[in-house]
Amino acid sequence: MAQTMSRKPSIAIVGAGMGGLAVAATLRRAGFEPQVYEQTQRFGRIGAGIQMMPNSMKVLRGIGVEDRLRAVAFQPYSHLNRDGYTGELKRELPMPDALYGAPYLCMHRAELHDALASALPPEIIHLGKQLTGLDQKSGQVTLSFADGTKVTADAVIGADGVHSLVRDIVVGPDAPIHRGRIAYRAVFPASLMDRDLGPSRVKWWGRDRHIVIYYTTKAKSEVYFVTSVPESAEWMTKESWSAKGDVKELRAAYSEFHPDVRATLDACPDCHKWAILEREPLPRWSEGRVVLLGDSAHPMTPYMAQGAATSIEDAAILARCVADVNGEDIEGAFRRYEAHRKPRTSLIQAISSANTWMQGGDADTSWLYGYDAWNVSLDAPPRQPASAGVAA
Ligand code: FAD
């Protein structure tokens, strides 16, 4: 049994995105007092929707933000997959709360970010702190920031996204993979549409492209779509939430699609463009007292809507591992976290990269959505299906 520490270890989190805020909340729930360092000066309202599946909703329930999200989010009846041209049904998965023990919600990205921030005391989030270096010495880690300041902590969690500096420090620098595809996306008032989008979130599958469309509010007042289309590889090597797309090019890219898709794109006033990036699973997630979480550890394509969800799952498991040793053997806790998490996130990265999830068939979905990060055994890899359709 772990000995009781005279004081709780200090934990610094780099990045206040979905993963960083979530792990701050799960660590606080476990009795720790982390500090969060974020490079941006203020949080903006990025125009994008986000789907939260039951696996991540269970974690969000545990940190007390489920009711807040239910009050504003759209709860789709199902995951609906249709042929992009004819509308023919490929696969439908109804998603009642009872099926996987938590709801499936679609919302504006800012609603999720605000909800996570609301679970934290504002004074623990330090804005305008761009990490520039880490130095591990004598059981402590010193963080250096671009503004010339330094802080010291007993452990560091790198939740600094797909271009993570902490990742570069832990495993060495390399570039994320860009397979020459981009996502167009837009959020706009549903009043601009001439039709109702129905009760579900719909993924429309084309030959070499797809589009996902859903409401982001309970009142169905806002429409969101996100696509994946081929694009010249040199277009962008670093994604940005603010790069604008050309709505005429976007409409042309879907001109052969079903009338419901064309009606959505015709109603959309403007759009953004985002390079889709991913990585192969990393050789390791930690180095001593520094560990990775979320996109810094396992960036994936958005095709399964699991990037933020797995970051939020990571948050619950990491907090459990650290709590189990009462903050004592931090390095061991980080290795246990990685041993449990990596098989699952690597499989999700692979299926997401292949873009086969629910394209058809009836492959098992319970291993993904049924996962309960608060209660799953930490000493065995999580359940995986015999065939998850990576090459389906
Ligand atoms: P991020 O959210 O990227 O946060 C990283 C934070 O670190 C940022 O705030 C950044 O400013 C900060 N930072 C970076 N470097 C430094 C530094 N040096 N010092 C200090 N701070 C730093 N996931 C889902 O679950 N469901 C979806 O429906 C979904 N849809 C998506 C649609 C699109 C088009 C895309 C591109 C992604 C989608 N995702 C979705 C994935 C999801 O957005 C990411 O997986 C998720 O945001 C990862 O969270 P994170 O905290 O690891 O990284």
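## The loop between α10 and α11

M358 is found in the loop between α10 and α11. This is a predicted model, and M358 is a handy place to begin the tour. Although M358 is not a glycine, its phi is positive, at about 60°. Is M358 buried or exposed? With a relative accessible area of 4%, M358 is buried.

The loop holds another residue of interest, N355, which lies between α10 (330-354) and α11 (366-369). N355 is not a glycine either, and its phi is positive, about 55°. N355 has a relative accessible area of 16%. Because the limit for a buried residue is under 20%, N355 counts as buried.

## After α11

Moving along the chain, we come to D372, in the segment after α11. D372 has a relative accessible area of 23%, which makes this residue partly exposed. The side chain of D372 makes a polar contact with the side chain of N375, at 2.7 Å.

Which residue lies 317 residues away from D372 along the chain, with 6.2 Å between the C-alpha atoms? That residue is N55. N55 is one of the buried residues of α2, so let us turn to that helix next.

## Two helices, α2 and α5

Helix α2 has 7 of its 9 residues buried, so the rest of the structure largely encloses it. The buried residues are P54, N55, S56, M57, K58, V59 and L60. After α2 comes G64, with a positive phi near 85°.

Helix α2 (54-62) is also part of what covers the buried residues of α5. Other elements in that cover include α1, β3, α3 (66-72), β6 (105-108) and α9. In α5 itself, which spans residues 109-118, the buried residues are A110, L112, H113, A115 and L116. As a general reminder, an α-helix has 3.6 residues a turn, so residues three or four places apart point the same way.

## The nonpolar cores

The largest nonpolar core has 71 residues. Which of them touch the most other members? They are M52, L60, L69, L112, L143, I157 and L318. Helix α9 gives the most to this core, with 9 residues. There is also a second, separate core of 52 residues, which includes A48, Y224, L250 and Y254.

L143 is worth a closer look. Leaving aside neighbours within four places in sequence, L143 is in contact with A12, V14, L131, G133, L134, T149, K150, V151, A153 and V156.

## Two buried helix residues

V23 has its place in helix α1. V23 is buried, and its relative accessible area is 0%. Beyond neighbours within four places in sequence, V23 is in contact with I13, I157, L293, A315 and L318. Two of these names, I157 and L318, also appear among the core residues that touch the most other members.

T264 lies in helix α8, which covers residues 259-267. How much relative accessible area does T264 have? The value is 0%, and T264 is buried. A polar atom of the T264 side chain lies 2.8 Å from the backbone oxygen of D260. Neighbours within four places in sequence aside, T264 is in contact with F188, M193, L197, I213, V223 and F225.

## Around the ligand

Of the 30 residues around the ligand, G19, E38, Q51, R109 and W274 come nearest. By type, the shell divides into 13 nonpolar, 12 polar and 5 charged residues. Helix α1 (18-29), strand β3 (49-52) and helix α9 (307-324) each supply at least two residues of the shell. Which element gives the most to the shell? It is α9, with 4 residues. Helix α9 also gives the most to the largest nonpolar core.

Polar backbone atoms come close to the ligand at several places. A backbone N or O atom of L131 lies 2.9 Å from a ligand nitrogen. An oxygen atom of the ligand is 2.9 Å from a polar backbone atom of D295, and a ligand oxygen is 3.3 Å from a polar backbone atom of A305. Taken alone, the ligand exposes 1,000 Å², and the protein buries 87% of that. L131 also links back to the core section, as one of the residues in contact with L143.

Technical notes. Residues numbered from 1 in each chain as written. Predicted model: local features only at pLDDT ≥ 70, side-chain atom pairs only at ≥ 80, totals over all residues. Heavy atoms only, no water. Near = heavy atom within 4 Å. Polar contact = N/O pair within 3.5 Å; in protein donor to acceptor, adjacent residues only side chain to side chain. Areas by Shrake-Rupley, 256 points an atom, 1.4 Å probe, with all protein chains shown as cover. Nonpolar A, V, L, I, M, F, W, Y, C, P; charged D, E, K, R; others polar. Core = buried A, V, L, I, M, F, W, Y, C linked by side-chain atoms within 4.5 Å. Buried < 20%, exposed > 50% of the residue type's maximum accessible area, 1.4 Å probe, protein only. Contact = heavy atoms within 4.5 Å.
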